[in-house]
Amino acid sequence: MAALQYYDVILKPVVTEKSMNLMADKFYTFYVHPDANKSMIKEAVEKMFEGTKVEKVNTMNIPGKPKRRGAVAGRTAARKKAIVKLTADSADIELFSGL
């Protein structure tokens, strides 16, 4: 597999009520590439969003849920989620400012 570039690491932000409440404490939640590690996620956030400094990164693997459609059984796709904490003097991520 080819090496991941920083713009391939972050797939999309997670927009839920819980993640919106965490933004007040400078925690931001993203779906990330399943092969990305914490240092890659930290580098990607700092390069993609100007003025941000990452304090720590927590990651979790989310398994797919079992689903049925008639007689056909399957699973939804597995995902990886990262919760990124920014430092106190860091700039906020503008992507979430209008939400």
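Colleague: What makes Tyr6, Tyr7 and Met48 a nonpolar patch on the surface?

Modeller: This is a predicted model, and the word "patch" follows a rule. Nonpolar side chains such as Tyr and Met are joined within 5 Å, and each residue needs over 30% relative accessible area. Tyr6 has 32% relative accessibility, and the cut-off is over 30%, so Tyr6 qualifies. Together Tyr6, Tyr7 and Met48 have about 300 Å² of accessible area.

Colleague: Why is Tyr6 called partly exposed?

Modeller: Partly exposed lies between the limits of under 20% for buried and over 50% for exposed. Tyr6 stands at 32%, so it falls in between. Tyr6 lies in helix H1, which covers residues 6-9.

Colleague: Which residues gather in a patch of positive charge on the surface?

Modeller: They are Lys12, Lys65, Lys67 and Arg79. Like charges are joined within 9 Å, again with over 30% relative accessible area and no salt bridge. Arg79 lies in strand E6. At 40% relative accessibility, Arg79 is over the 30% limit for a patch and therefore qualifies on that point. Arg79 also counts as partly exposed.

Colleague: How many positive and negative side chains does the protein have?

Modeller: There are 17 positive and 11 negative side chains. The centres of the two sets lie 13 Å apart.

Colleague: How many salt bridges does the count come to?

Modeller: The count comes to three salt bridges. Side chains of opposite charge can pair when their charged atoms come close. The rule asks for a side-chain nitrogen of Lys or Arg within 4 Å of a carboxyl oxygen of Asp or Glu.

Colleague: What makes Lys26 and Asp92 a salt bridge?

Modeller: The distance from N to O is 3.4 Å. That is within 4 Å, and the pair is a Lys with an Asp, so the rule is met. Lys26 lies in the loop between helix H2 (17-22) and strand E2 (27-32) and Asp92 in the segment after strand E6 (79-86), so the pair ties together parts 66 residues apart in sequence.

Colleague: Is Lys26 buried or exposed, and how do you know?

Modeller: Lys26 has a relative accessible area of 16%. Buried means under 20%, so Lys26 is buried. Its partner Asp92, at 42%, is partly exposed.

Colleague: What is the phi of Lys26?

Modeller: Lys26 has a positive phi of about 65°, although it is not a glycine.

Colleague: How do you know that Glu43 forms a salt bridge with Lys47?

Modeller: The closest N and O atoms of Glu43 and Lys47 are 3.1 Å apart. The limit is 4 Å, so this pair counts. Glu43 and Lys47 both lie in helix H3, four residues apart, about one turn of the helix. Glu43 is at 37% relative accessibility and Lys47 at 44%. Both values lie between 20% and 50%, so Glu43 and Lys47 are partly exposed.

Colleague: What makes Lys53 and Asp89 a salt bridge?

Modeller: The N to O distance is 3.4 Å, which meets the rule of within 4 Å. Lys53 lies in the loop between H3 and E3 and Asp89 in the segment after E6, so this pair ties together parts 36 residues apart in sequence.

Colleague: Why is Asp89 called exposed?

Modeller: Exposed means over 50%, and Asp89 has 57% relative accessibility, so the word applies. Lys53 has 42%, so it counts as partly exposed.

Colleague: Where is Gly51 found, and which residues does it touch?

Modeller: Gly51 is in the loop between helix H3 (38-48) and strand E3 (54-62). Not counting residues up to four places away in sequence, Gly51 touches Ser90 and Ala91. At 46% relative accessibility, Gly51 is under the 50% limit for exposed, so it counts as partly exposed. The C-alpha atoms of Gly51 and Met40 are 17 Å apart, and the two residues are 11 apart along the chain.

Colleague: What pattern does the protein follow along the sequence?

Modeller: The pattern is α-β-α-β-α-β-β-β-β, with three helices and six strands in total. Buried residues make up 32% of the 99 residues. Among contacts between residues at least 6 apart in sequence, 62% join residues at least 24 apart.

Definitions and conventions
Residues numbered from 1 in each chain as written. Predicted model: local features only at pLDDT ≥ 70, side-chain atom pairs only at ≥ 80, totals over all residues. Heavy atoms only, no water. Helix = DSSP H or I, 4+ residues; strand = E, 2+ residues; numbered from the N terminus. Buried < 20%, exposed > 50% of the residue type's maximum accessible area, 1.4 Å probe, protein only. Contact = heavy atoms within 4.5 Å. Lys, Arg positive; Asp, Glu negative; His and termini not counted. Charge placed at Lys NZ, Arg CZ, Asp CG, Glu CD. Areas by Shrake-Rupley, 256 points an atom, 1.4 Å probe, with all protein chains shown as cover.
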